[in-house]
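Biologist: I'm new to reading structures, and I'd like a close look at one metal site and the part of the fold around it. Please start from a single residue there and work outwards, in plain words.

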Amino acid sequence: MKVLIGIEIHVHLLTKAKLFCSCSTDYEGKEPNNLVCPICLGFPGSKPKVNKKAIDFGILAAKALNCKINPEIFFSRKSYFYPDMPKNFQISQYEIPLAVGGYLEILGKKIRIRRIHLEEDPARLVHVGGDITSATHVLADYNRAGIPLLEIVTEPDFTSTKEVREFLSKLSSILEHLEIFDPSKEAGLRVDANISLEGGERAEIKNITGFANVEKALNYEIIRQKNLRRIGKKVERETRHFDAETRSTHTLRKKEFEEDYGYIFEPDLTKIEISQSWIKSLKMPELPDKRVERFVKQYKIPKQQASVIVYIDKALADFFEDCSKIYKNYKQLAKWIVTDLLKCLNWNKITIRESRVKPKSFVELLKLIDKGKITERLAKEIIKEYVPTGKSPEQIVKEKKLVTIKGKKELEKVVLAVIKENKKAVDDLKAGRKKALEFLVGHVLKKTRKTADPKVVRELIEKLTK
Ligand code: ZN
Ligand code: MN
């Protein structure tokens, strides 16, 4: 059964002021309902004014996503009754959005982008004593109301949750490179997903935050629809809510269509002309695809590794380049970032930005391996403690009394001593008894307190007993 998924992404744009007033957008951790004015509270008689910066940011995103930007745009009122919007409509764009017809390529496949538009965020609602379906009451914080949102709508081109994950990760990295979005902000990126099985009705899951939750919600919904079909029931067209705690989706409302919102032209705002010279005046920074190409060329690292580093997170790509200034073995650097560093970050459920990992201390770990002071195996242990604590790797070696391998010369000395002390085993080895080799390796490891690499020791013994 073929699965079809389309998504709508709402992204907080990183402007200093809200979309239609001069209130600050820096609402995290602030006392509720302090960053407000008559405009974002929707008082009668208040008049919105467009923040040009938000349109600049929208244009940049539209260009990066290969969209056609409309030469003339306007805003519309999307009518609905809900406590997150006191004026009972949201100023959005409907008939003529900012841009249409783009695409983003992931895993060698083009995902088409239907439209991109600007709108105001509603208030943040806090459900008390339960979730959206069971709360006893609701608190509203209008600090968030009016923050500019960029809504990006794709065609139903995804056929798996893996593709959605890749898309979101790359999209987030692009927006970060454009410096119009901060992925570390809570609720900074929210996803609505439409899911259907080929030939069936679609269900829409609203307002999923966090990439991991998007995956869980989609997986649940795909199984639910497949099960319905298996027992001969139809999937109903409806809007569903994802409950992160039970990892399941539930009916919110049935059969709603975009036209039901009764859009009307926003009479308090004028049409906005977007001229070619406006578009050209906005400087386009280096974007992820170009950055991957440059990494491959400049640092001679494999494309697959460069893609992982750049598409996961701009901060990770910046980290790679910061390290490259003080450490020139780029292949080793890239390899350790995409394998053990990422594994440990994922394990601790943090991003590079949230972690205490710094270029200087990370490079210190790699240099310990290069100098032959620790084995790669020991480094894999050290990094597990290093990532959550940010402690200097040398410090970890000292504190845990981890014995580092001595230089090659010193290791040779130990091997020679073991050979001398175990004449019988050496004779056995020469006579072709493989067990004797392991016996000798064991002795060397014991003397070096297991800090030597068994493979290296084996080779050394073979060489020195010939
Ligand atoms: Zn305001
Ligand atoms: Mn929207």
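Modeller: Let's start with Glu119. This residue counts as buried because its relative accessible area is just 3%, and the cut-off for buried is under 20%. Keep in mind that what you're looking at is a predicted model.

So what does Glu119 do in the picture? Glu119 is one of the protein donors of the manganese ion (ligand 2), along with His10 and Glu151. His10 offers its NE2 atom, while each of the two glutamates offers an OE atom. These donors lie 2.1 to 2.2 Å from the ion. His10 is buried as well, because its relative accessibility of 12% falls under the 20% cut-off.

Now look at where these donors come from in the sequence. Their spacing is H-x108-E-x31-E. Two of them link distant parts of the chain: His10 sits in strand E1 (residues 3-12), Glu119 sits in strand E7 (residues 109-120), and 109 residues separate the pair.

Next, zoom out to the strands. There's an open sheet of nine strands here, with mixed pairing. Reading across, the order is E2-E6-E7-E10-E1-E11-E12-E13-E14. Find E7 and E1 in that list and you'll see E10 written between them. The outer places belong to strand E2 (68-69) and strand E14 (248-254). Each of these has a single partner strand, so one side of each is left without a neighbour in the sheet.

Now stay with E7, the strand that carries Glu119. On one side, E7 pairs with strand E6 (residues 99-106) in the antiparallel sense, over seven bridges. You can spot Glu105 standing opposite Lys110 in E7. E6 and E7 form a hairpin with two residues between them, and Leu107 in that turn has a positive phi of about 45 degrees. E7 also pairs with strand E10 (residues 148-154), again antiparallel and over seven bridges. For a landmark there, Ile113 stands opposite Thr154 in E10.

Further along the sheet, strand E11 (residues 189-197) runs antiparallel to strand E12 (residues 203-209), and five bridges join them. Here Ile195 stands opposite Ala203 in E12.

Leading up to E11 there's a loop to look at. Glu179 is found in the loop between helix H2 (161-177) and E11. Its phi is near 60 degrees, a positive value in a residue other than glycine. Unlike the buried glutamate we began with, Glu179 counts as exposed, because its relative accessible area of 56% is over the 50% cut-off.

While you're in this stretch, here's how it meets the next piece of the protein. The domain assignment gives domain 1 (3-281), domain 2 (288-400) and domain 3 (408-464). Nine residues of domain 1 are in contact with 10 residues of domain 2. Together the two domains bury about 830 Å² between them, and 53% of that is on carbon and sulfur atoms. On the domain 1 side, Lys170, Glu176 and His177 supply 58% of the area buried against domain 2, more than any other three residues. The C-alpha centres of these two domains lie 34 Å apart.

Finally, put a second metal beside the first for contrast. The zinc ion (ligand 1) has four cysteine donors, Cys21, Cys23, Cys37 and Cys40, each through its SG atom. These sulfur donors lie 2.3 to 2.4 Å from the zinc ion. The angles among the four donor atoms run from 100 to 114 degrees, and the site is tetrahedral. For reference, the ideal angle for four tetrahedral donors is 109.5 degrees. The zinc donors are spaced C-x1-C-x13-C-x2-C in sequence, whereas the manganese donors follow H-x108-E-x31-E. Cys37 and Cys40 are both buried.

To pull the main thread together: buried Glu119 sits in E7 and links up with His10 in E1 at the manganese ion, with Glu151 as a further protein donor. E7 itself pairs with E6 and with E10.

How values were computed: Residues are numbered from 1 along each chain as its sequence is written. Chains are lettered from A and ligands numbered from 1 in the order in which they are written. This is a predicted model: local features need pLDDT of at least 70, side-chain atom pairs count only at pLDDT 80 or more; totals for chains, interfaces and linings use all residues. Side-chain values use heavy atoms; hydrogens and water are left out. Donors are N, O and S atoms within 2.8 Å of the metal (3.2 Å for Na, K and Ca); water is not among the atoms, so sites may look incomplete. Helices (H or I, at least four residues) and strands (E, at least two) are DSSP runs, numbered from the N terminus. Buried means under 20% relative accessible area, exposed over 50%, partly exposed in between (1.4 Å probe, protein chains only). Four donors count as tetrahedral if all angles lie between 85 and 135 degrees; four count as square planar and six as octahedral if opposite donors are over 155 degrees apart and all others between 65 and 115; anything else is irregular. Two strands pair if DSSP finds at least two bridges between them. Domain bounds come from an automatic or database domain assignment. Contact means heavy atoms within 4.5 Å. Buried area is the accessible area (1.4 Å probe) that two parts lose on being put together, summed over both.
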